[in-house]
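Could you walk me through this one in the viewer? I would like to know what to select next, and what is there when I do.

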Amino acid sequence: MLYQYAKNNGATTDGITEDLTSFEDTSKVSTWSREALKWGVQNSIIGGKNKADGMYLDPQGKTTRGECATMMMR
């Protein structure tokens with residue numbers, strides 16, 4: 001949602017070079033959302049969830065109200 005908002009309001013969404021392989025659940029990221037997630041990580045909007053066995057994006061999970069507010073403030 002934030003990626004589309006940025007694109008539609010003139011923010012630069014070109015030049016995405018972020019690699020998501022540092023996250024343990026990269027294989028669960030849907031192809032349609034991969035570019036938006038890379039953009040979010042590259043621009044420090046998304047940082048992932050720190051669990052005992054590594055960092056996760058949790059792309060199939062639910063976003064809490066607090067997580068959403070944090071992303072919007074960033």
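## A tour that starts at α2

What covers the buried residues of α2 includes α1, so begin by selecting these two helices in this predicted model. α1 runs over 2-8 and α2 over 34-42.

**Stop 1: the buried side of α2.** Pick out Leu37, Trp39, Gly40 and Val41, which are the buried residues of this helix. Keep Leu37 and Trp39 highlighted, as both return below.

**Stop 2: Thr13.** Now move to the loop between α1 and α2, where Thr13 is found. Is Thr13 buried or exposed? With a relative accessible area of 11%, Thr13 counts as buried, because the cut-off is under 20%. Show its neighbours next: leaving out residues up to four places away in sequence, Thr13 touches Tyr3, Ala6, Lys7, Glu35 and Trp39. Trp39 is one of the buried residues of α2 from the previous stop.

**Stop 3: the end of α2.** Step just past the helix to Ser44, which follows α2 and has a positive phi, near 60 degrees. Most residues other than glycine have a negative phi, so this backbone is worth a look. Ser44 sits in the loop that leads from α2 to β1 (49-51).

**Stop 4: a charge over a ring.** Select Lys51 and Tyr56 together. The charged end of Lys51 sits over the ring of Tyr56, at 5.1 Å from the ring centre. If you are also looking for aromatic pairs, the count comes to one.

**Stop 5: Asp58.** Continue to the loop between β2 (54-56) and α3, where Asp58 lies. Here is another positive phi in a residue other than glycine, near 55 degrees. Asp58 is partly exposed, with a relative accessible area of 28%.

**Stop 6: the largest pocket.** Finish by turning on a surface. The largest pocket holds about 860 Å³ of space. Which residues are closest to its centre? Of the 29 that line this pocket, they are Leu37, Ile46, Leu57, Thr63 and Met71. Leu37 is familiar from the buried residues of α2.

Colour the lining by helix, and α1, α2 and α3 (65-73) each supply at least two residues. α3 gives the most, with five residues. Colour the lining by residue type instead, and it divides into 14 nonpolar, ten polar and five charged residues.

How values were computed. Residues are numbered from 1 along each chain as its sequence is written. This is a predicted model: local features need pLDDT of at least 70, side-chain atom pairs count only at pLDDT 80 or more; totals for chains, interfaces and linings use all residues. Side-chain values use heavy atoms; hydrogens and water are left out. Helices (H or I, at least four residues) and strands (E, at least two) are DSSP runs, numbered from the N terminus. Buried means under 20% relative accessible area, exposed over 50%, partly exposed in between (1.4 Å probe, protein chains only). Contact means heavy atoms within 4.5 Å. Rings of Phe, Tyr and Trp (its six-membered ring) pair if their centres lie within 6.5 Å; planes under 30 degrees apart count as stacked, over 60 as edge-to-face and the rest as tilted. A charge sits over a ring if NZ of Lys or CZ of Arg is within 6 Å of the ring centre and within 35 degrees of the ring normal. On a 1 Å grid over the protein atoms alone, a cavity is a set of points where a 1.4 Å probe fits but cannot get out, and a pocket is an open set with protein on both sides within 12 Å along at least five of seven lines; lining residues have an atom within 4 Å of a point. Grid points are joined across faces, edges and corners, and a volume is the space filled by probe spheres set on the points. Ala, Val, Leu, Ile, Met, Phe, Trp, Tyr, Cys and Pro count as nonpolar, Asp, Glu, Lys and Arg as charged, and the others, Gly among them, as polar.
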